[in-house]
Amino acid sequence: MSEALNRRGFLSLAGGLAVAAVSGCGSGDSPAAPKSGGRLRAVFAGGGAKEVLDPHVQSLFVDIARHKAIYEKLVELGPDLKPVPRLAAKWEPDAQAATWRFTLRDATFHDGKPLTSKDVLYSLSRIADPTAPERVAQSSLAALDLRRCKAIDERTIELTLAAPNAEFPALLAGIGTQIVRDGFKDPTEPIGTGAFRFTSFEAGRSMVAARFDDYWDGAAKIEELQILSADAEARANAVQGGQAEYANEMTATFARTAEAGKTVKIVAAKGSTTQAFVMKVDQPPFDNPDVRLAFKLLADRQRLVDVVLAGRGVVGNDLFGKGFQYYPAELPQRERDVEQAKALLKKAGLIGKEVEIFTSDASAGFVEAATLFAEQVAEAGVKLKVTTGSAQTYAKDLLTKGAMGSHRSGAMPIPQYITDRLLTKSPFNVTHWRRPAFDAAFAAAQVQTDEAARAAKYGILQKALRDEGGILAWGHPDFLIAISSKVQGVQAVPPNTVDSGRFDKVWLA
């Protein structure tokens, strides 16, 4: 059975779609009782030849979805980005959070072999292999001291860190941390413990997988899963035309159109991503904290949400991760104050001057948001000149180009966001926020084993970022998924969490 998206965004089919009986699925209907059987076709943004089957080499949503179907992690993230058990049934740290003991579930690989501690140790060693730098979890798991990690018995492992870290379980939930079989060598022949067994794969087109009846968390309802690649327009055409049952990462414009009909439903994870403008705190004029604050005060956040996101989101408060674990919700919402901003800009000598914002169409809404923000800044007597760069290289270019730029982040734990973007040696530090005292305070928070005390320390750090840092987080867009009215069981959760892009609990009504 083969199928692929053609240029018009529809699927060329060989063989029919077997589904269970269809029940009424209007937006106000009660969910139908779960049914078994059928094939579900899920379409994601594609990466062409860059798509991979190796679970330790991934970055695209389509890769992550394929790997989630076949493989599993020890730990996943819940909807609030807190760690939840998967292949690890439980874990416990020592008093210093330097050594962690994990107990494995009674799970089985697709070839019938049981999951053991050896598989976990092999997987972690494979991820850490210095000869394969493309394995994406290497940096996040660099704290592991593999020489001191060991199997206690067949289903118990002890993982030792080079330095204490109370957030270690969340690191095991990161991208590219799936568990493979001991001795796994050939990614083109995937064998995991996931809900679906591999059938076939063609990069840039599709992967087919069949239900694994011995899955430890209960066999999937659907018999076959097909994960396909396509751009946004093709995804929209496929789900509207009945050629796919699930379409990932849809636009607010499409959602508005789809909701006017009866064949497609929108599942929205409210405010689960972040849109921001970023200011380099070591470059003029943003090396002046008064200018950074002035620009934050000039943002009409609700207007940006209403126009750029078509109302599909919530306003931001110059911090990442609204609603996630450790987010300091008690901080007052920053409101627009043009007069105060003018006073600060006058003091800085910036009235009548031009400032450049470097943006791109690398992400939907970047250019539109920058253009609208330029109008808002102009009310204070400053010209914000919008310049655009290459979409293909923008993420890398932003590290060095432009005193101000556009930023988007998906869901991840707040400590991971800080680690990746806000420490002196962070690889993606686009604001150039480099404060040794901040680094030291963050390190001190991470070794705090009492969660409430750790949260309090993180709260202090985030207040400093909001008041002094270079992130102007104006909004948190909804993450939008389109599904056929036949599909039931899809959860409205942030991306990169346990129930996102997950199909073993989904069924066709």
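This briefing describes two nonpolar cores, the surroundings of Asp80 and one annotated region. The model is predicted, so local features need pLDDT of at least 70 and side-chain atom pairs count only at pLDDT 80 or more, while totals for chains, interfaces and linings use all residues. Residues are numbered from 1 along each chain as its sequence is written, and side-chain values use heavy atoms, with hydrogens and water left out.

**Nonpolar cores**
- The largest nonpolar core, a set of buried Ala, Val, Leu, Ile, Met, Phe, Trp, Tyr and Cys residues joined through side-chain atoms within 4.5 Å, has 60 residues, and those with the most contacts inside it include Leu74, Phe102 and Leu141; buried means under 20% relative accessible area, exposed over 50% and partly exposed in between, with a 1.4 Å probe and protein chains only.
- Helix H2 (residues 117–128) gives the most to this core, with 4 residues; helices (H or I, at least four residues) and strands (E, at least two) are DSSP runs, numbered from the N terminus.
- Apart from this core lies another of 34 residues, among them Leu304, Leu309, Leu345 and Ala370.

**Asp80**
- Asp80 sits in the loop between strand S4 (75–77) and strand S5 (83–85), and is partly exposed, with a relative accessible area of 31%.
- Leaving aside neighbours within four places in sequence, Asp80 is in contact (heavy atoms within 4.5 Å) with Phe324 and Gln325.
- Although Asp80 and Phe324 are 244 residues apart in sequence, their C-alpha atoms are 4.8 Å apart in space.
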